[in-house]
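The following exercises concern the fold and helix packing of one protein chain. Please inspect the sequence and the model before reading the solutions.

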Amino acid sequence: MTPSTTPTGPGRDSPGHTGRYTPPGVGPSAALPDLLQGIAEALIEARVADARRAMDSIAFERREATRRRAPREKDLAAIYDRDRYLCRYCGIKTILTPVMRLLSANFPAQFPFHPNWKTTDTHPAYWSLSATHDHVVPLSHGGDPLDASNIVTACWPCNSRKSGLLLDDVGFVLRELEEFHVAGPGRPLPCVVGGVRPPGPEPW
């Protein structure tokens with residue numbers, strides 16, 4: 001699999017979190033802080049019944065986690081090739097992480113890499129240009145984890161920003177390759193697809 005993301009904002013692709021979640025009986029989620037504070041105050045004042053009623057209004061329904069299926073490396077290689085190694089959201093040309101690892105192995109001083117992707121010890125290109133794969137319709141929204149039409153090449157920053165959200169949630173548009181005016185296919189060094197990934201959650 002390819003590098004995943006380290007989401008920096010809300011909307012992780014976790015059970016029960018859709019990116020547009022509004023607790024039942026609460027209205028906009030912005031009301032949650034006041035509601036939770038009120039529940040805490042009710043408990044402090046020994047108004048347990050009031051606290052329980054308020055908490056019932058935002059009760060979270062747990063769902064059994066399903067085992068995720070990941071696309072095979074050869075399928076990802078075909079997707080990267082299809083997309084010419086361009087991020088389908090912003091159009092930047094991405095680089096496979098193993099390719100950059102090869103450069104770091106040969107030029108450790110000029111192009112450093114930290115095994116835990118420590119920002120102070122890793123060249124910025126890893127964070128800005130690493131090729132990742134993203135599910136256009138996230139798995140938490142019912143997206144197919146293996147359908148190539150639901151998987152696109154994404155740069156690390158775009159993948160991180162989109163996280164487990166829908167395109168409309170982040171104002172993204174899935175761009176067609178013709179929009180990028182790229183002459184010829186990318187040069188992927190396909191022999192090094194996969195095998196290297198950063199820490200973090202599964203790709204969205």
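Three exercises with worked solutions follow, all based on a predicted model.

**Exercise 1.** Determine how many helices and strands the protein chain has, and in which pattern they occur.

*Solution.* Begin with the count: the protein chain contains 7 helices and 2 strands. Next, read along the sequence, which gives the pattern α-α-α-α-α-β-β-α-α. Finally, consider the contacts with a separation of 6 or more: 72% of them link residues 24 or more positions apart.

**Exercise 2.** Establish how helix α1 and helix α2 are oriented to each other, and which residues meet.

*Solution.* First, locate the helices: α1 spans residues 32–44 and α2 residues 48–56. Their axes come within 7 Å and cross at roughly 155°. Angles over 145 degrees count as roughly antiparallel, and α1 and α2 are therefore roughly antiparallel to each other. The crossing is left-handed. Turning to the side of α1, Leu-35, Ile-39, Ala-42 and Leu-43 meet Val-48, Asp-50, Ala-51, Ala-54 and Met-55 of α2. Sorted by class, this contact comprises 8 nonpolar, no polar and 1 charged residues.

**Exercise 3.** State what share of the chain is buried, then identify the buried residues of helix α4 and the elements they pack against.

*Solution.* Of the 204 residues in the protein chain, 38% are buried. Within α4 (residues 97–106), the buried residues are Thr-97, Pro-98, Val-99, Met-100 and Ser-104. These buried residues pack against helix α5 (124–129) and strand β1 (131–135). As for the surface, the chain has an accessible area of about 11,700 Å², 57% of which belongs to carbon and sulfur atoms.

Methods: Residues numbered from 1 in each chain as written. Predicted model: local features only at pLDDT ≥ 70, side-chain atom pairs only at ≥ 80, totals over all residues. Heavy atoms only, no water. Helix = DSSP H or I, 4+ residues; strand = E, 2+ residues; numbered from the N terminus. Buried < 20%, exposed > 50% of the residue type's maximum accessible area, 1.4 Å probe, protein only. Contact = heavy atoms within 4.5 Å. Areas by Shrake-Rupley, 256 points an atom, 1.4 Å probe, with all protein chains shown as cover. Axes fitted to C-alpha atoms, helices over the stretch in contact; angles between N-to-C directions. Parallel < 35°, antiparallel > 145°, perpendicular 65-115°, else oblique. Left-handed = near helix turned anticlockwise from the far one by under 90°. Nonpolar A, V, L, I, M, F, W, Y, C, P; charged D, E, K, R; others polar.
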